[in-house]
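Trainee: I'd like a close look at one small stretch of this model rather than the usual tour. Could you pick it apart for me once it's on the screen?

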Amino acid sequence: MIVERFKVKCKPEKTEQAMALFKEIVAASRPLDGVVSFDMGRDIADPDSFMAIEVFEDRTALERQELLPVVQKTMGLFGELLAAEPEATIFHVSSSEPG
């Protein structure tokens with residue numbers, strides 16, 4: 001299982017545009033084969049920042065999600081939308097249990 005934490009800080013004047021794109025990404029990602037969960041929220045301490053927690057069965061599922069047209073479109077707009085480089089960390093998980 002792969003868990004990815006992905007965080008972006010938007011330019012204040014681009015936050016609403018980015019949020020609309022992120023909503024499309026969440027809607028397109030959740031039903032994909034191999035996506036265990038896909039959640040994205042706004043940072044309550046910084047309303048121009050968003051964080052995604054993405055859980056995939058394997059690397060193939062992560063790569064499938066990254067190839068979605070809306071993901072490619074949004075990533076292509078990062079230079080226009082973001083105030084800083086995105087932060088991403090990938091965790092390889094050998095087991096999990098409900099908490």
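Trainee: In which helix does Thr74 lie? Please take me through that spot and what sits around it.

Mentor: Thr74 lies in helix H3, and H3 runs over 69–76. Before we dig in, a word on ground rules: this is a predicted model, so local features need pLDDT of at least 70 and side-chain atom pairs pLDDT 80 or more, while totals for chains, interfaces and linings use all residues. Numbering starts from 1 along each chain as its sequence is written, and side-chain values use heavy atoms, with hydrogens and water left out.

First, the backdrop. The protein has four helices and four strands (DSSP runs numbered from the N terminus: H or I of at least four residues for a helix, E of at least two for a strand). Follow the sequence and you get β-α-β-β-α-α-α-β. The C-alpha trace covers about 40 × 30 × 20 Å along the principal axes. Of the 99 residues, 37% are buried (under 20% relative accessible area; exposed is over 50% and partly exposed is in between, with a 1.4 Å probe and protein chains only). Take the contacts (heavy atoms within 4.5 Å) with a separation of 6 or more: 72% of them join residues 24 or more positions apart.

Now back to your residue. Thr74 has a relative accessible area of 1%, so it's buried. Which residues does Thr74 touch, once those up to four places away in sequence are set aside? Leu21, Phe22, Ile25 and Leu81. For orientation, helix H1 spans 15–29, while H4 covers 78–81.

Step on to Leu77 and you've reached the loop between H3 and H4. Leu77 has 23% relative accessibility, so this one counts as partly exposed. With residues up to four places away again left out, Leu77 touches Gln17 and Leu21. So Leu21 is on the contact lists of both Thr74 and Leu77, which is a handy landmark when you rotate the view. If you want a long ruler, draw a line from Leu77 to His92: they're 15 residues apart along the chain, and 28 Å separates their C-alpha atoms.

Phe78 comes next, in helix H4. Its relative accessibility is 14%, so Phe78 counts as buried. Skip the neighbours within four places in sequence, and Phe78 is in contact with Phe6, Val8 and Pro86. Strand S1 is 2–9, so you can find Phe6 and Val8 by looking there. Going the other way, Leu68 is ten residues from Phe78 along the chain, and their C-alpha atoms are 16 Å apart.

For a contrast, swing over to Arg59 in helix H2, a helix that runs 59–66. Arg59 shows 37% relative accessibility and therefore counts as partly exposed. Set aside neighbours within four places in sequence, and Arg59 is in contact with Ile2, Ile90 and His92. That's the His92 we used as the far end of the ruler from Leu77. Arg59 also gives you a good example of chain separation versus space: Met1 is 58 residues away along the chain, yet the two C-alpha atoms are separated by 8.1 Å.

So, to put your stretch back together: Thr74 in H3 is buried at 1%, Leu77 in the loop is partly exposed at 23%, and Phe78 in H4 is buried at 14%.
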